[in-house]
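Thanks, everyone. Let me put the model up, and then I'll walk through its architecture from domains down to surface and charge.

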Amino acid sequence: MEIPKQGLSKDEVFRRLEAFRADDMPWRDGRTWAYVYDPGREAEEIIKRAFSMYLTENALDPTVFPSMMRLENELVAMAARHLRGNEHVVGNFTSGGTESILLAVKTARDRARDLRPEIREPELLLPSTAHAAFHKACHYLDVRPVSVPVDPKTFKADPEAMRAAITKNTILMVGSAVSYAHGVVDPIRELGEIALENDLLLHVDGCMGGFLLPYFRRLGASVPDFEFHVPGVTSISMDFHKYAFAAKGASVILHRSKELRKYQIYACSNWTGYTVINPTVQSTKSGGPLAAAWAALSFIGDDGYLEIARTVLEMTRAIADGVRRIPGLRLLGEPEMNLVAFTSDEVSVFHVIDEMKQRGWYIQPQLGYGNSKENIHLSINPASVRWVEPMLADLRECVEKARSMPSGDLASKLGPALEGLDPATVGDEQLRAMLAMAGAGGASLPSRMAEVNEVMNALPVKLREKLLVAYLNDLYRQPDE
Ligand SMILES: Cc1ncc(COP(=O)(O)O)c(C=O)c1O
């Protein structure tokens, strides 16, 4: 494929862009229970207008575009106040949860390099439910992740197990509010005490929950404390592009003080060009996401968010009750936010997901890991409010249908072949053969994913990761003419 010799007409550009999304899940009608945070048409319009208004402004140099710093400082201030920070709390706007987390880990690593230079192999202590972004941060920053099993019933971090895993190399502890997989809040107060006793930093991952949880608390839900008023909490990440409904590319990393934040900032004068001084990973940074996040918070407002929280809280309770009433399903943990995970000991959840997809629903699979069995995950959005009962009715039928579907055949055939296989020595050819056996080779996505998911679920984690890399490496390729 080449750059078109002559530019396309305006109409043609948009015709093609529209055509590209023909196979996307239709998120607008609220039948997609993941990935999309839809505040409704009116707010969407305002957010889009704000985004395009600031699309070209560049936050790289706030001396040229003071509006960028103004927007960022106001967003950080609103976030700090929302999370009960005092006037010393500082922070920066980032492109998403992963970047905020990466910066929290960089801050801890560079602080340890400065204040505890005897540590040669820094460790990050995290519950097994902490988001994958922490592992990614460790991978990028050469920090060792130490994953601690969570309570098998509540799926919350186990403070005593966390305490026991501290070593002389630990530089940072993590807790989630909420964890993505099960939608529960870790015992941040206890973790804070442990952090203080051991002179460690504690990061709270509020990417998913930080924004709405305070509203749920105001509505009477019991939400454990996780904000800056908890002693020992040193940084919090919170995404605007999730349940603050901003455009994607919007999160914030907050630190208890400037003294900590200084380790996040990067400066470089070691080249021939302009002075680089970046608080975050991005250097050139569009003003679009900043302005859109500011517009979302300003337009929806505190009252608007409280109403959204009321809607999704009621929906979550109805869905959790509905799932409890479906024979063959059981909840994993008790959701403390509008995220619900459930599994089955009687049918394959992966077949249930495929069946639901055939009926126009997207619900998300989560593979088994540690003491968390493979399951189905729902993110509950206000745009889905009219679908609660129809979705539950279809879910009940799909569970019944899945009872007659064979499951685990391929996984059990593959099992013995994989036994004793050292993931480190598996080559590209072997990986391709495994993918083909699972029906996942080539450039297109299989329409039914149950077998692929079952195989993935049966594999040891390291092999899963290798397969996923091989799979993706194959998937992104030049389109056929
Ligand atoms: C708890 C939690 N942390 C971090 C992230 C990563 O955020 P992002 O996808 O914006 O990078 C997510 C994403 O769902 C999350 O749920």
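Three domains come out of the domain assignment for this chain. Domain 1 runs over 51-295. Domain 2 covers 301-402, and domain 3 covers 409-475. Keep in mind that this is a predicted model.

Now take the pair of domain 2 and domain 3. Their C-alpha centres lie 27 Å apart. What joins them in terms of contacts? Eleven residues on the domain 2 side are in contact with nine residues of domain 3.

On to secondary structure. The chain carries 16 helices and 13 strands. How compact is the chain as a whole? The radius of gyration is 23 Å, and the globule rule for 481 residues also gives 23 Å, so the chain is as compact as a globular protein of that length. As for overall dimensions, the C-alpha trace spans about 65 × 60 × 50 Å along its principal axes.

Next, the interior. Of the 481 residues, 51% are buried. Then the contacts. Count those with a separation of 6 or more: 74% of them link residues 24 or more positions apart.

Now the outside. The chain exposes about 23,700 Å². Carbon and sulfur atoms supply 54% of that area.

Last item, charge. How many side chains of each sign are there? The chain has 54 positive and 63 negative ones. And where do the two sets sit relative to each other? Their centres lie 2 Å apart.

That's the tour. I'll take questions.

How values were computed
Residues are numbered from 1 along each chain as its sequence is written. This is a predicted model: local features need pLDDT of at least 70, side-chain atom pairs count only at pLDDT 80 or more; totals for chains, interfaces and linings use all residues. Side-chain values use heavy atoms; hydrogens and water are left out. Helices (H or I, at least four residues) and strands (E, at least two) are DSSP runs, numbered from the N terminus. The radius of gyration is taken over C-alpha atoms; the globule rule is 2.2 Å times the number of residues to the power 0.38. Buried means under 20% relative accessible area, exposed over 50%, partly exposed in between (1.4 Å probe, protein chains only). Contact means heavy atoms within 4.5 Å. Accessible areas come from the Shrake-Rupley method with a 1.4 Å probe; for residues, only the protein chains shown count as cover. Lys and Arg count as positive and Asp and Glu as negative; His and the chain ends are not counted. The place of a charge is taken as NZ of Lys, CZ of Arg, CG of Asp or CD of Glu. Domain bounds come from an automatic or database domain assignment.
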